[in-house]
Amino acid sequence: MGTEEDRLPPTDVPALINEIVQAVRDGDDPRIRTLLERLAQRADTEALLLLRARLDEDLSPER
């Protein structure tokens, strides 16, 4: 049986994406890996595109 964290409903995908973006900012590779594994269990194409867009926005050099 998984932990409560492993049983997040799909509506928590945006929160999970926010956590991934923060972990990337922090350079926390183990946390990124854990969060991506959790996201992979519940992500659809829309969620993956949202993650891509959020990372692109967050990591783009300021103009």
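This note walks through the fold, the core, one helix pair and a few individual residues.

1. Basis. This is a predicted model, in which local features need pLDDT of at least 70, side-chain atom pairs count only at pLDDT 80 or more, and totals for chains, interfaces and linings use all residues. Residues are numbered from 1 along each chain as its sequence is written, and side-chain values use heavy atoms, with hydrogens and water left out.

2. Fold. The protein has 3 helices and 0 strands. Its order from the N terminus is α-α-α. Helices (H or I, at least four residues) and strands (E, at least two) are DSSP runs, numbered from the N terminus.

3. Surface and burial. The protein exposes about 4800 Å². Carbon and sulfur atoms supply 51% of that area. Areas come from the Shrake-Rupley method with a 1.4 Å probe; for residues, only the protein chains shown count as cover. Of the 63 residues, 21% are buried. Buried means under 20% relative accessible area, exposed means over 50%, and partly exposed lies in between (1.4 Å probe, protein chains only).

4. Contacts along the chain. Contact means heavy atoms within 4.5 Å. Take the contacts between residues at least 6 apart in sequence: 57% of them join residues at least 24 apart.

5. Core. The largest nonpolar core has 11 residues: Val13, Leu16, Ile17, Ile20, Val21, Ala23, Ile32, Leu35, Leu39, Ala47 and Leu51. Three elements give two or more residues to this core: α1 (13-26), α2 (29-42) and α3 (45-59). The largest share, 6 residues, comes from α1. Such a core is a set of buried Ala, Val, Leu, Ile, Met, Phe, Trp, Tyr and Cys residues joined through side-chain atoms within 4.5 Å. In soluble globular proteins, nonpolar side chains tend to be buried together.

6. Leucine 35. This core member is in contact with Leu16, Glu19, Ile20 and Ala23, leaving aside neighbours within four places in sequence.

7. The α1 and α3 pair. These helices pack at an angle of about 35°, with axes 10 Å apart. Axes are lines fitted to C-alpha atoms, for helices over the stretch in contact; angles run from 0 to 180 degrees between N-to-C directions. The crossing of α1 past α3 is right-handed. That means the near helix is turned clockwise from the far one by less than a right angle; anticlockwise would be left-handed.

8. Who makes that contact. From α1 come Val13, Ile17, Asn18, Ile20, Val21, Val24 and Arg25. From α3 come Ala47, Leu50, Leu51, Arg54, Leu55, Asp58 and Leu59. The residues divide into 10 nonpolar, 1 polar and 3 charged. Here Ala, Val, Leu, Ile, Met, Phe, Trp, Tyr, Cys and Pro count as nonpolar, Asp, Glu, Lys and Arg as charged, and the others, Gly among them, as polar.

9. Leucines 50 and 59. Leucine 50 is in helix α3 and is partly exposed at 38% relative accessibility. Its C-alpha is 8.0 Å from that of isoleucine 17, although the two are 33 residues apart in sequence. Leucine 59 is also placed in α3. It is exposed, with a relative accessible area of 51%. Valine 24 is 35 residues away in sequence and 9.0 Å away, C-alpha to C-alpha.

10. Leucine 36. This residue lies in helix α2. It is partly exposed, at 36% relative accessible area. It touches Ile20 and Leu51, not counting residues up to four places away in sequence.

11. Proline 14. This residue lies in helix α1. It counts as partly exposed, at 42% relative accessibility. Leucine 51 is 37 residues from proline 14 in sequence, with 8.5 Å between their C-alpha atoms.
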